[in-house]
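Trainee: I would like to learn how to read the empty spaces and the packed regions of a model such as this one. Could we go through them together, one feature at a time?

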Amino acid sequence: MAEVEREVFGRMPREEGGGAVEKFILKSDSVRVEILSLGCIIAALETKGRDGEFADVVLGFDTLEGYTRKHPFFGAVVGRVANRVAKARFAVDGKEYQLFPNDGPNSLHGGARGFDKVLWSPQLLPNGVCFFRLSPDGEEGYPGDLKVWVTYTLSGGELAINYRAQTSKTTPVNLTNHAYFNLAGQGSRDIYDHEISIEADSYLPVDDTRIPTGEVAAVQGTSFDLRQPVELGKHLQKFRLDGFDHNFCLQRAQARRLVARARHPPTGRAMEVHTTQPGIQFYTANNLDGSLKGKGAVTYPKHSAFCLETQNWPDAVNKPHFPSALLRPGEEYNHTTWLTFSAT
């Protein structure tokens, strides 16, 4: 059984409403997680190596100030629609909706003030915390009042994240958590000595604005074939890749299934990702450039972390042959992702 504690982490700036930001600490024998009521942010996640020592394996900041400034979604729940919507617009039932373009011509991770930048209402659970918010009709251009619940529970070495949503009007919904991991410990220089595998036979090629072209391409014989573990640094070098920022297409199933694994052989730390989602975005922090100072005043250079964002396929609302991104009144959006940490 996990222990759960809560404390005040800080107060939002006056211009942001000035509310109190709480921190919830979930503890088991092998994992310790800190989660903020701002953006449902995973601010720290400590797990053991084979030596039995704990290390914090997610990037982030020591103070609230870091999270209220511009940052690349460290640890946050992103929405209403994670990833990119092409040309920041879409149509539903014959009506076109315009979003805020915050990634070149596209809308990324919910727009100018997405779910990552707002305060959520927390409710303590015996082994975790449930956050709730109402995203009002028209927020960031999206239709419908959207009720959203994000629940974190810890059991032994496994952190479960459940996302639920209900809407008053048909709207696209795609929720994920954007934690940046480095199993050597946050602040480590790079992730080149990590082994990565992803259980996907296909992936989505993208255009120069990182929008899927619409093709669903086989990984066989390409740099995207990660079905067997690869050492990341050698793999990037072998294929002359700048990094990954792509959606891998998972087998369609409503049941929990293993979709990815990351391992850091020097420390023995490993992380498995199980999910009910149809896709996973593998991102190697290509846009970090050392300009951000994180926890302990360390800088975060390019390739100093990886993200495994379980989600629906990017731009699905504009691509009818992709798994549907639409949630209709009377339906419930309900997905769970499990992160399991171990040491070998």
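Trainee: What is the volume of the second largest pocket, and which residues lie nearest its centre?

Mentor: The general idea is that rolling a probe the size of a water molecule over the atoms shows where empty space is left. In this predicted model, the second largest pocket has a volume of about 340 Å³, and its lining is made up of 20 residues, of which Q254, Q277, P278, S324 and H335 lie nearest the centre. By class, that lining divides into eight nonpolar, eight polar and four charged residues.

Trainee: Which strand gives the most to the lining of the second largest pocket?

Mentor: Strand β27 does, with three residues, while β26 (326–327) is also one of the elements that supply at least two residues to this lining.

Trainee: And how should I read the largest pocket, in volume and in the classes of its lining residues?

Mentor: About 730 Å³ of space lies in the largest pocket, and 32 residues line it, with K70, H71, P72, F73 and K117 nearest its centre. The lining is divided into eleven nonpolar, ten polar and eleven charged residues, and both α1 (64–68) and β24 (279–283) supply at least two residues to it.

Trainee: Some empty space is closed off from the outside; how many cavities of 30 Å³ or more does a search of the whole structure find?

Mentor: The search finds four of them, and the largest cavity holds about 100 Å³ of space. Its lining includes I161, Y163, F181, M271 and E309, and by class the lining has seven nonpolar, four polar and one charged residues.

Trainee: Which element supplies the largest share of the lining of the largest cavity?

Mentor: That is β25, with three residues, although β14 (158–167), β16 (176–177) and β27 (333–343) also supply at least two residues each.

Trainee: β27 has now come up for a pocket and for a cavity, so I would like to know its neighbours; in which sense does β27 pair with β23, and over how many bridges?

Mentor: The two strands pair in the antiparallel sense over seven bridges, and within this pairing A270 has S342 of β27 as its bridge partner. Strand β23 (residues 269–275) also runs antiparallel to β22 (residues 257–264), to which seven bridges join it, and there H264 stands opposite R269 of β23. β22 and β23 form a hairpin with four residues between them, and G268 in the turn has a positive phi of about 85°.

Trainee: Why is β23 described as largely enclosed by the rest of the structure?

Mentor: Six of the seven residues of β23 are buried, and therefore the strand is largely enclosed by the rest of the structure; here a residue counts as buried if its relative accessible area is under 20%.

Trainee: Turning to the packed regions, how many residues does the largest nonpolar core have, and which of them have the most contacts inside it?

Mentor: As a general idea, in soluble globular proteins, nonpolar side chains tend to be buried together. Here the largest nonpolar core has 59 residues, and L45, Y152, F181, I198, F248 and F282 are those with the most contacts inside it. The largest share of this core, five residues, comes from strand β13 (residues 146–155). A second, separate core has 20 residues, among them F9, L38, A43 and L64.

Trainee: Which residues does F248 touch, leaving aside those up to four places away in sequence?

Mentor: With those left aside, F248 touches I198, A200, S202, Y203, F224, L226, P278, G279, I280 and F282. Of these, P278 is also among the residues nearest the centre of the second largest pocket, where we began.

How values were computed. Residues are numbered from 1 along each chain as its sequence is written. This is a predicted model: local features need pLDDT of at least 70, side-chain atom pairs count only at pLDDT 80 or more; totals for chains, interfaces and linings use all residues. Side-chain values use heavy atoms; hydrogens and water are left out. On a 1 Å grid over the protein atoms alone, a cavity is a set of points where a 1.4 Å probe fits but cannot get out, and a pocket is an open set with protein on both sides within 12 Å along at least five of seven lines; lining residues have an atom within 4 Å of a point. Grid points are joined across faces, edges and corners, and a volume is the space filled by probe spheres set on the points. Ala, Val, Leu, Ile, Met, Phe, Trp, Tyr, Cys and Pro count as nonpolar, Asp, Glu, Lys and Arg as charged, and the others, Gly among them, as polar. A nonpolar core is a set of buried Ala, Val, Leu, Ile, Met, Phe, Trp, Tyr and Cys residues joined through side-chain atoms within 4.5 Å. Buried means under 20% relative accessible area, exposed over 50%, partly exposed in between (1.4 Å probe, protein chains only). Contact means heavy atoms within 4.5 Å. Two strands pair if DSSP finds at least two bridges between them.
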